[in-house]
Amino acid sequence: MTLCIPFLMFQGQAQEAIDHYLSVFPDAELLEIMHHPEGTEIYDPTPASVHSAEAADLSEAEGDELSEVEVQLDLGEESEEDFAADDLTAENVDEEAEEEADDAVVDAEEPAEVAHATPAAVEAHHTDLQLAEEDDPDEVVDVPAPLVATAQLKIGGQVLMIQDSLVKHQFSFTPSVSIAVVVDSTEEFNQIVNSLAPGGEFLMEPGDYDFATNFAWIKDRFDMSWQINQPLAQPEPTATAEAPVWG
């Protein structure tokens, strides 16, 4: 029998987490990793009707917020500019509408060299514009990370089994189970804590406690929780020196 613990099941972020933990822990070692075939997707069993209802609730909430803003604007005191705008005659309004319509027509017109060109030249012009937009060198393409079928990450002599679940769950990691890391020095403690903290939150702030020289309980950006502990009476490592040899 083989007991494998802990087993970390991510939902699409396993590769990102592995890369992060390899940079956090100095002795971390990726023993093995296998990915799902390209194009594999995570199945969401939640009925479409539930997603639609959530979207409708969100839209309704946003609509209520906009209505409150409009009511506040309507109840506000009118400025002198508002009164002046109300005094505009119908003739002035018509003139402004005509000017706006003329501007829209001008904006919609093609450049002069295109307007008087042959149909083939016009088509080539539009093709060049499309290619210029598609070949933008500054455009950042978001390529999703491959889904991890199985991986073994060794940290401090302990092997973590890691994978991506191919089914979306309504739960994530919980702080009721944490990975405990015992360090040998304050420098190592600070390095690990400062690397795990960004994007996460402290469940117990770093500091000296009755039970530890340094301790921190961190939920990282993947919702995985870590308890980093430098035990009491743990001597700081010092350089070793040899006694002088007297001749």
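## Ser-225 and its surroundings

Let's start with Ser-225, which sits in strand 8, a stretch covering residues 225-231. This is a predicted model, and in it Ser-225 has 0% relative accessibility, so it counts as buried. The side chain has two polar partners. One is the backbone oxygen of Val-177, reached at 3.2 Å. The other is the side chain of Ser-178, with a polar contact of 3.0 Å between the two serines.

If you leave out residues up to four places away in sequence, the neighbours that Ser-225 touches include Thr-174, Pro-175, Val-177, Ser-178 and Ile-179. Leu-203 is also on the list of contacts, along with Trp-217, Ile-218 and Lys-219.

Just before strand 8 comes a residue with an unusual backbone setting to look at: Asp-223, in the loop between strand 7 and strand 8. The phi angle of Asp-223 is near 75 degrees, a positive value in a residue that isn't glycine. With a relative accessible area of 30%, Asp-223 is partly exposed.

## The four-stranded sheet

One sheet in the model is open and has four strands, in the order 1-4-3-2 with mixed pairing. Which strands stand at the edges? They are strand 1 (7-10) and strand 2 (29-35); each has a single partner strand, so one side of each is left without a neighbour in the sheet. On average, and ignoring direction, neighbouring strands here are turned by 15 degrees against each other.

Strand 1 pairs with strand 4 (residues 158-164) in the parallel sense, over four bridges. Within that pairing, Phe-10 has Asp-164 in strand 4 as its bridge partner.

## Helix 1 across the sheet

Helix 1 (residues 14-24) lies across strand 1, strand 2, strand 3 (148-155) and strand 4. Relative to strand 3, helix 1 runs at about 15 degrees.

Which residues of helix 1 are buried? The list is Ala-14, Gln-15, Ala-17, Ile-18, His-20, Tyr-21 and Val-24. For a bit of background, an α-helix has 3.6 residues a turn, so residues three or four places apart point the same way. The cover over the buried residues of helix 1 includes the four strands numbered 1 to 4, and also helix 7 (186-196) and strand 8.

## The strand 6 and strand 7 hairpin

Strand 6 (residues 201-209) and strand 7 (residues 212-219) pair in the antiparallel sense over five bridges. Together they make a hairpin, with two residues between the strands. Across this pairing, Gly-207 stands opposite Phe-215 in strand 7.

## Aromatic pairs

How many aromatic pairs does a search of the whole structure find? The count is eight. In one of them, Tyr-21 and Trp-226 meet edge-to-face, at 5.1 Å centre to centre and with 70 degrees between the planes. This pair links distant parts of the chain: Tyr-21 belongs to helix 1 and Trp-226 to strand 8, 205 residues apart. Are these two rings' residues buried or exposed? Tyr-21 is buried, at a relative accessible area of 0%, and Trp-226 is buried too, at 1%.

Another pair involves Tyr-209 and Phe-215: the ring centres are 5.9 Å apart and the planes are at 90 degrees, so this pair is edge-to-face. Here the burial is split, with Tyr-209 partly exposed at 27% relative accessibility and Phe-215 buried at 5%. Phe-215 is also the residue that stands opposite Gly-207 in the hairpin.

There is also an aromatic cluster, made up of Phe-10, Tyr-21, Phe-25, Phe-173, Phe-222 and Trp-226. Two of its members have come up in the edge-to-face pair of Tyr-21 and Trp-226, and Phe-10 is the bridge partner of Asp-164.

## The protein overall

Stepping back, the protein has seven helices and eight strands. Of its 247 residues, 19% are buried. Among contacts with a separation of 6 or more, 64% are between residues 24 or more positions apart.

As for the surface, the accessible area of the protein comes to about 17900 Å². Carbon and sulfur atoms account for 54% of that area.

Terms used: Residues numbered from 1 in each chain as written. Predicted model: local features only at pLDDT ≥ 70, side-chain atom pairs only at ≥ 80, totals over all residues. Heavy atoms only, no water. Pairing = 2+ DSSP bridges. Axes fitted to C-alpha atoms, helices over the stretch in contact; angles between N-to-C directions. Contact = heavy atoms within 4.5 Å. Buried < 20%, exposed > 50% of the residue type's maximum accessible area, 1.4 Å probe, protein only. Polar contact = N/O pair within 3.5 Å; in protein donor to acceptor, adjacent residues only side chain to side chain. Phe/Tyr/Trp six-rings, centres within 6.5 Å; stacked < 30°, edge-to-face > 60°. Areas by Shrake-Rupley, 256 points an atom, 1.4 Å probe, with all protein chains shown as cover.
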